[in-house]
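Trainee: I'd like to learn how to read a structure from its backbone and side chains. Can we go through one together?

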Amino acid sequence: MSIQIPRGTQDILPGEVEKWQYIEKVATDLCRAYQYNEIRTPIFESSELFTRGVGDTTDIVQKEMYMFEDRGGRSLALRPEGTASVVRSFVGNKLFGNANQPTKLFYTGPMFRYERPQAGRYRQFVQFGVEALGSEDPAIDAEVLSLAMGIYKKLGLRKLKLVINSLGDGGSRQAHREALINHFKPRIGEFCSDCQNRLEKNPLRILDCKKDRDHELMATAPSILDYLNEESNAYFEKVQSYLTSMDVEFVVDPTLVRGLDYYNHTAFEIMSEAEGFGAITTLCGGGRYNGLVQEIGGPETPGIGFAFSIERLIAALEAEKVALPIHQGVDCYIVAMGEEAKAYGVKLLHQLREAGISSEKDYLDRKVKAQFKSADRHQAKYVAVIGENELQENKVNVKDMATGEQEEVAIDSFVDHIKSKLV
Ligand code: HAM
């Protein structure tokens, strides 16, 4: 029996992988424009990083982490997300000591969560994320949100909804927490066992429960926005006014709760509103995490960021029928007739490639007609034909595949000729 790919994972094959490269390039270029620099961290970390960072009452840590013991008895986890790792690196490498603050970073790579696979939900998925550490200016919140929206817009997505909320500071959250406990406690027996455990430990998590989401107490639960103290409220107002001044559209949704514990103040998600998009409409999630750096052992440092998966982004592009401008074809295909011409073809091909021109030839000893067919399959822009006559006259016959026009070109100027055609 053949060996199957693990559940919830996928191969990205040639033809598809170009989309990923294009998306990563657009996102990376925009990050540069916003002055974010790339960071790369390991795919596995000590498990404790995530239990402490993401939170031990979250689904991610309780149910979805790929944990294992290495041969030295250490408890390690495949990273389920990137923020905790970036913060660990920020602390470990003392990036806070750099005069150039805030530290603005982006990353991309595979993340792992043992979830029930379905459309848009994988066990291995690739996140592109951004973290800005060291500033508590609401303008940074607005910058991070506009960068996320900017990436989607640059890629051609239009049917998007940016939803924002504020979870407030410690004081606001404490007041809200008590209100939530009072709200749910009398009828907590009607909720699932997870929610019963969450009541005292982390009642905010109840609002995020997938099982109990239709319970009538969910709709009437106290809204965090009614518990924001003056400072938190003013902060949230400023974020909104910056977004408005940048023409970034948003809606405020006081029920937005994120699935990770490290958030305070600004929390946000970007949803796809494209028709026919699957049940999971969240494309991107993020928010502010002012206590996380300290939690991981660093100095008190505010932070904010977001992450989105490329899998869901591609699904949104498909739902909106956006075609990315990707040319997978070759610029020049060399058709050779006869042994001598074939040998010369190898030389010309090499020269083309040295000049950075994507080019190809036949390697299956095909007849001329079949070589032309192969050139078509490669979507060649130009086909260069060399036979015995051409060789004798030191010429190449170049055919423009779009117009059908042909011209004789001196062998010595062939590469320059193709180059000039391609600009
Ligand atoms: P998250 O909401 O857990 O946040 O994930 C962010 C994004 O990752 C989601 O919006 C979705 O696009 C993608 N994603 C999550 N799970 C899956 C999955 N199983 N399959 C496919 N895509 C998935 C975080 O991870 C935070 N670290 C975001 C953040 C950065 N907050 C502050 N900075």
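**Starting from a loop**

Mentor: Sure. Let's begin at Pro102, which sits in the loop that runs between helix 4 (83-92) and strand 5 (103-112). Keep in mind that this is a predicted model.

Trainee: What is the peptide bond from Gln101 to Pro102, cis or trans?

Mentor: For that you look at omega. Here omega is near 0°, and the bond from Gln101 to Pro102 is cis.

Trainee: Okay, and phi? Which sign does it have at Gln35, positive or negative?

Mentor: Positive: phi of Gln35 is near 65°, and this residue is not a glycine. Gln35 belongs to the loop between helix 1 (17-33) and strand 1 (37-38).

Trainee: Is Gln35 buried or exposed?

Mentor: Go by relative accessible area, where exposed means over 50%. Gln35 has 54%, so it counts as exposed.

Trainee: What about phi of Gln379?

Mentor: There again phi is positive, near 50°, in a residue other than glycine. You'll find Gln379 in the loop between helix 13 (368-377) and strand 14 (382-386). Its relative accessibility is 49%, so Gln379 goes down as partly exposed.

Trainee: Helix 13 came up there. How does Ser374 sit in it, buried or exposed?

Mentor: The cut-off for buried is under 20%. Ser374, a residue of helix 13, has a relative accessible area of 2%, so it is buried.

Trainee: Which residues is Ser374 in contact with, leaving aside its neighbours within four places in sequence?

Mentor: Those are Tyr333 and Arg366.

Trainee: Let's try the same with Glu318. Where is it found?

Mentor: In helix 11, which covers residues 310-319. If you skip the neighbours within four places in sequence, Glu318 has contacts with Glu16 and Lys19. You can also compare sequence with space: Gly276 is 42 residues from Glu318 in sequence, but the C-alpha to C-alpha distance is 9.8 Å.

Trainee: How would I read that kind of separation for the whole protein?

Mentor: Take the contacts with a separation of 6 or more, then ask what share joins residues 24 or more positions apart; in this protein that share is 69%.

Trainee: And the overall build? How many helices and strands are there?

Mentor: The count is 15 helices and 16 strands. For the outline, use the principal axes: the C-alpha trace spans about 95 × 55 × 45 Å along them. Then check the radius of gyration, which is 28 Å, against the value near 22 Å for a compact globule of 423 residues.

Trainee: How much of the protein is buried?

Mentor: Buried residues come to 51% of the 423. On the outside, the protein exposes about 21,300 Å², and carbon and sulfur atoms supply 48% of that area.

Trainee: Which residues have the most contacts inside the largest nonpolar core?

Mentor: That core has 48 residues, and the ones with the most contacts inside it are Ile151, Tyr152, Phe268, Cys284, Phe306 and Phe308. Helix 5 (residues 138-154) gives the most to this core, contributing nine residues. Apart from it there's another core, made of 29 residues, including Phe90, Leu105, Met111 and Leu133.

Trainee: Last one: how many charged side chains are there, positive and negative?

Mentor: There are 51 positive and 62 negative side chains. To see how the two sets are placed, compare their centres, which here lie 4 Å apart.

Methods:
Residues are numbered from 1 along each chain as its sequence is written. This is a predicted model: local features need pLDDT of at least 70, side-chain atom pairs count only at pLDDT 80 or more; totals for chains, interfaces and linings use all residues. Side-chain values use heavy atoms; hydrogens and water are left out. Helices (H or I, at least four residues) and strands (E, at least two) are DSSP runs, numbered from the N terminus. The radius of gyration is taken over C-alpha atoms; the globule rule is 2.2 Å times the number of residues to the power 0.38. Buried means under 20% relative accessible area, exposed over 50%, partly exposed in between (1.4 Å probe, protein chains only). Contact means heavy atoms within 4.5 Å. Accessible areas come from the Shrake-Rupley method with a 1.4 Å probe; for residues, only the protein chains shown count as cover. Lys and Arg count as positive and Asp and Glu as negative; His and the chain ends are not counted. The place of a charge is taken as NZ of Lys, CZ of Arg, CG of Asp or CD of Glu. A nonpolar core is a set of buried Ala, Val, Leu, Ile, Met, Phe, Trp, Tyr and Cys residues joined through side-chain atoms within 4.5 Å.
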